[in-house]
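Trainee: I have not looked at this structure before. Could we go through how its parts pack together?

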Amino acid sequence: MALSLPPAVLLILVYLTTRVTLSAGSNKCVARNFGHDSVVCECNATYCDSVGSASLPPPGQFSSYLSSMAGSRLEPDPGRVQVNSSGAGLRLTIVPYQKYQKIRGFGGAMTDAAAVNILSLSAAAQDQLLRQYFSSEGIGYSVVRVPIASCDFSTRLYTYADTPGDYNLHNFSLALEDTNMKIPLLQKAQAMSPRPLSLLASAWSAPAWMKTNGALIGKGSLKGRPGGKEYKTWAQYYIRFLEEYAKYNLTFWAVTTGNEPSAGMMTNYSFQALGFKPEEQRDWVALDLGPALHASSFPSTHVLILDDNRVLLPHWAKVVLSDIHAGRYIHGVAVHWYMDKLIPAEISLGATHHLYPEYYLFGTEACAGWSPLDRGVKLGSWARAEQYAHDILEDLNHYVVGWTDWNLALDQTGGPNWVKNFVDSPVIVDAKRDVFYKQPTFYSMAHFSKFLWEGSQRVGVSASHKTDLEYSAFIRPDGSVVLIVLNRSSSVIQFDVWDPAVGFITSTAPAHSLLTLAWNTH
C-alpha cells in the first residue's frame, strides 16, 4: 500500500534531505586558479570548505586525508585495515617502542599586518577566517605568536616606551594596534578554540633611547652590559607587556629572548632589530630577564632562546645553555626556517637536542615568498606547500615539538609591510570582494595541526627500502596513530603501512601530494 503523506510533511522531508545533501557537500573547496601550479580555495562570509571534526572510525578501519597539486584538499578516503600485505613493494612499519619528543602545537602569528587584513573583511567573513584556524571545525591551531610592539609587518615604527630616559617605564602603554586590533582578534580566537591557546611573545627592538645606535632599525644593541640599567629596563618591559595583556585575560605560555638577534648585528639592517651575541643573551637571561620573570606574576612563563635561524646551532645553544645561571630560567630553543637548505637538520637541530635533551626545540617563524629569487604572494603555489610540508617533517624528525607559521593573513601584495618586505601567507585576503583565499600552504599546515594534538608522541617508522616518500608517525594521547606522508616526486607511489597492533593499511601517494593517515588501535 502506498504511503500518502500530508504536503507539509513532504515539504519538511524534502527540506531535510536537501539540507543533508548541502551539508554533506558543504566541505568542498571552491577552487580558483591564478595561473600557478595549483589552486586556492575561496571563502566568504557564508561559505568555506572544511574537513569538520575529523573523528576516527572504529578499530579495523582507518581515515585518510589527501591534498595534492592536482587539486585535492584534505580529501577524506576511509578504508579497512587488512590482515595481509597488499604486496605493494614499499612497506612502512610503525615502531611504537621507539619513542621521541611530544608535540606542543602548531600555529601562526597575529602581526599588525595580519590584524589589519582580518579586520578589512566584514564581521561574518572575519569570523569565518578565524574559525578556519582556531575552531574545532578548523585546522586546530593552538599557538599564536604575538610581536611585542612593531615589526616590519606593521604600518609604522613604534615601541611601548618611546619617552627617552623612562627607565622606570612610567609612560609604558600598549598601542592602538594592540587594544583595537590584535587583542580583540586574539580574544575571539581564544573563544572559538576548544582548548587554551598557547600565546608566544617576541620583541623586535627595544626603544631607540635604550640602544647603541639610537634607532629601532639597523645595527644596534642595548647600551651598557647585562645587569646594567638598560638591560634591567628591557627585562621589565617584557613584564609590563605581560601585565597589560593579562588585563585583557590573555596570558602567555612563552616569551622569546628577541626576534633574530643576528639581524641587529648587521650594518644597515632595514627594519626593527636588536643585536645580541650569544654571550650577551646568556648574561641578560641570567642577570635580568630570568630573575624579573621569576619575581613577577608570570613565573611559569617559558623562556625560549635564539628565535633565529638554525644555522646558529648548536653554537648558540652551547654558549647559553652550558651556563647554569642562565639555563635554570630557560625552557627551549626557538628556530626560524630561513636558510634551512644551507644547514642539515642533523648537525643543527639534532646536535642541539643530543647535547641538551632537557630543552625542547620549537619552530617560531616560517613563510614562503621571502627570498629575492621567489618573492611575494603566489596564489595557488603547490611548490610552496611542499616546501612547508618538507620542512615540518624534517623538523619533527629532528626533535622539534611545534612549528609556527608567520602572518596569519596578508593582502594580495603580501603586506602591509612598512619596509615593503612582502611575503606570502596561508591566507590571502581580498577585502574589495570580501573574500579570502586559503593557499596550498594552509592545507600543508592542516595535515599536521589538525591531527597532531598536544601530547602526541613521535614514534619510529622504518621503510622496507629507500624511497622518495618523506614521513613521520605519532601516537596521540588516546592511543590512536597518525602517519603523515609527503610525496614530492612526480610519480605515484603505492605502499603498505604495517602497524603490529592492527594490521596492514594499503595506501597510495599520488604525485606531488601530502597524506595524513590515522587509525585507532583499540
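Trainee: At roughly what angle do the axes of helix 10 and helix 11 cross?

Mentor: This is a predicted model. Helix 10 covers residues 382-396 and helix 11 covers residues 440-449. Their axes come within 7 Å, and the crossing angle is roughly 25°.

Trainee: Is helix 10 roughly parallel or roughly perpendicular to helix 11?

Mentor: The axes cross at roughly 25°. Angles under 35 degrees count as roughly parallel. Helix 10 and helix 11 are therefore roughly parallel.

Trainee: How many nonpolar residues does the contact of helix 10 with helix 11 have?

Mentor: Helix 10 contributes residues including Trp382, Tyr388 and Leu396, and helix 11 contributes residues including Pro440, Met445 and Phe448. By class, two residues of this contact are polar and one is charged. The nonpolar residues number ten.

Trainee: How are helix 2 and helix 4 oriented to each other, roughly parallel or roughly perpendicular?

Mentor: Helix 2 (residues 112-119) packs on helix 4 (residues 176-192) with the axes 9 Å apart and an angle of about 75°. Angles of 65 to 115 degrees count as roughly perpendicular. Helix 2 is therefore, relative to helix 4, roughly perpendicular.

Trainee: Which residues of helix 4 make the contact with helix 2?

Mentor: On the side of helix 2, the contact is made by Asp112, Ala115, Val116, Ile118 and Leu119. By class, the contact of the two helices has six nonpolar, one polar and three charged residues. From helix 4 come Glu177, Asn180, Met181, Lys182 and Leu185.

Trainee: Why are helix 5 and helix 6 called oblique to each other?

Mentor: The axes of helix 5 and helix 6 (residues 278-295) come within 9 Å and cross at roughly 50°. Under 35 degrees would count as roughly parallel, and 65 to 115 as roughly perpendicular. The angle lies in neither range, so the pair is oblique.

Trainee: Is the crossing of helix 5 and helix 6 left-handed or right-handed?

Mentor: Residues that meet here include Trp234 and Leu242 in helix 5, and Trp284 and Leu293 in helix 6. The crossing of these two helices is right-handed.

Trainee: Which helix gives the largest share of the largest nonpolar core?

Mentor: That core has 134 residues, and Tyr160, Trp234 and Phe241 have the most contacts inside it. The largest share is nine residues, from residues 229-246, which form helix 5.

Trainee: How many residues are in the other core, the one with Phe62 and Val81?

Mentor: This core lies apart from the largest one. Leu483 and Ile493 are also among its residues, and the count is 21.

Notes
Residues numbered from 1 in each chain as written. Predicted model: local features only at pLDDT ≥ 70, side-chain atom pairs only at ≥ 80, totals over all residues. Heavy atoms only, no water. Core = buried A, V, L, I, M, F, W, Y, C linked by side-chain atoms within 4.5 Å. Buried < 20%, exposed > 50% of the residue type's maximum accessible area, 1.4 Å probe, protein only. Helix = DSSP H or I, 4+ residues; strand = E, 2+ residues; numbered from the N terminus. Axes fitted to C-alpha atoms, helices over the stretch in contact; angles between N-to-C directions. Parallel < 35°, antiparallel > 145°, perpendicular 65-115°, else oblique. Contact = heavy atoms within 4.5 Å. Nonpolar A, V, L, I, M, F, W, Y, C, P; charged D, E, K, R; others polar. Left-handed = near helix turned anticlockwise from the far one by under 90°.
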